Amino acid sequence: MLSKYLQEGERIKLEIDVIPPFLSFWGRVYKIEKKLFIVEISGQYIQKEPRKVKCTLPTEQKVCIFDTIIHGSQKNMLIIEMPNNNKVQVLQRRRYIRVPIDIGVQCFILGINDQKIETNKYISAIAKDISGGGVLINSSVSLPIGTVVVFEINLDGISLILTAKVLRNEENQTDATRDMGCEFIGLDDSNLMQLINFASKQQLKNKRR
């Protein structure tokens, strides 16, 4: 099953299991061997010991996802263990339902891309819409693209702690605040299902109004 998706030259998204878990980037499958495959990335990545990684291989209609181990790196090449078939998931590729909300959150800045920032400051923001893939936050503070934040949000009595990376930053024309589109990273299956269920319920409520 994996061989249909893991092919030389294909784009692959890597989410590295670090503390805090915010290292996420794209690469390209360079070489495939029996027990290992090699991913080429832009720039260099260095690690001293094996580290968990979540891999995503998107195609036009489906997405292949699996967890495995990065065993090491050589310059811009990552040496990754071939996963067992029972760890491979193939999902239909579809847009997550995005629903409007209006919930205040306190965003703690973890870093920018893979650079950790030492700070104890929180940024006040309003979560304006949310889906299983990301969130739109609005704030008077502008965060650079690539900034990674963590925040707690309460959705229908369920408290979630979510990590997100700023992908888009635009000025809000009504009040000169910033609208920042963020992608969730390091999202586990439990939180993903809670977000999907919340969005589905909100969409149903909106249709009844």
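**Note on a predicted model: two turns, one helix, two cores**

1. Aspartate 156 counts as partly exposed, with a relative accessibility of 48%, and in this predicted model its place is in the loop between β12 and β13. The phi of aspartate 156 is near 55°, which is a positive value in a residue other than glycine. That deserves a remark, because most residues other than glycine have a negative phi.

2. Lysine 75 also has a phi near 55°, again positive in a residue that is not glycine, and this lysine lies in the loop that connects β5 (62–74) with β6 (77–81). Lysine 75 is exposed, its relative accessible area being 66%, so it lies over the 50% cut-off for that class.

3. The largest nonpolar core contains 29 residues, and those with the most contacts inside it are Ile130, Phe151, Ile153 and Phe184. Two or more residues of this core come from each of β8 (99–112), β10 (122–130), β11 (134–139), β12 (147–155), β13 (158–171), β14 (178–184) and α1 (189–208). Apart from it lies another core, made of 23 residues, among them Tyr5, Phe25, Ile41 and Cys64.

4. Phenylalanine 151 shows how the parts of the larger core meet: with its neighbours within four places in sequence left aside, its contacts include Val105, Gln106 and Cys107, as well as Val135, Leu160, Ile161, Leu162, Ala164 and Phe184.

5. The helix α1 has 20 residues, which at 1.5 Å a residue should span 28 Å, and its end C-alpha atoms are 29 Å apart, in agreement with that expectation. The buried residues of α1 are Asn191, Leu192, Leu195, Ile196, Phe198, Ala199 and Gln202; seen down the helix axis they fall within an arc of 165°, so they line one face. What covers these buried residues includes β8, β10, β12, β13 and β14, whereas the face turned away from the buried side carries the exposed residues Asp189, Lys201, Lys207 and Arg208.

6. At the N-terminal end of α1, aspartate 188 acts as a cap, with a side-chain oxygen 3.2 Å from the backbone nitrogen of serine 190.

7. Strand β1 (residues 11–16) is mostly covered, since five of its six residues are buried. Six bridges join β1 to the antiparallel strand β2 (residues 23–32), where glycine 27 is the bridge partner of isoleucine 12. Four bridges join β1 to strand β4 (residues 51–58), also in an antiparallel arrangement, and there leucine 14 stands opposite cysteine 55.

Note on methods: Residues are numbered from 1 along each chain as its sequence is written. This is a predicted model: local features need pLDDT of at least 70, side-chain atom pairs count only at pLDDT 80 or more; totals for chains, interfaces and linings use all residues. Side-chain values use heavy atoms; hydrogens and water are left out. A nonpolar core is a set of buried Ala, Val, Leu, Ile, Met, Phe, Trp, Tyr and Cys residues joined through side-chain atoms within 4.5 Å. Buried means under 20% relative accessible area, exposed over 50%, partly exposed in between (1.4 Å probe, protein chains only). Contact means heavy atoms within 4.5 Å. Two strands pair if DSSP finds at least two bridges between them. The expected span of a helix is 1.5 Å times one less than its number of residues. The arc is that of the directions from the helix axis to the C-beta atoms. A polar contact is a pair of N or O atoms within 3.5 Å; within protein, one must be able to donate a hydrogen and the other to accept it, and residues adjacent in sequence count only if both atoms are side-chain atoms.
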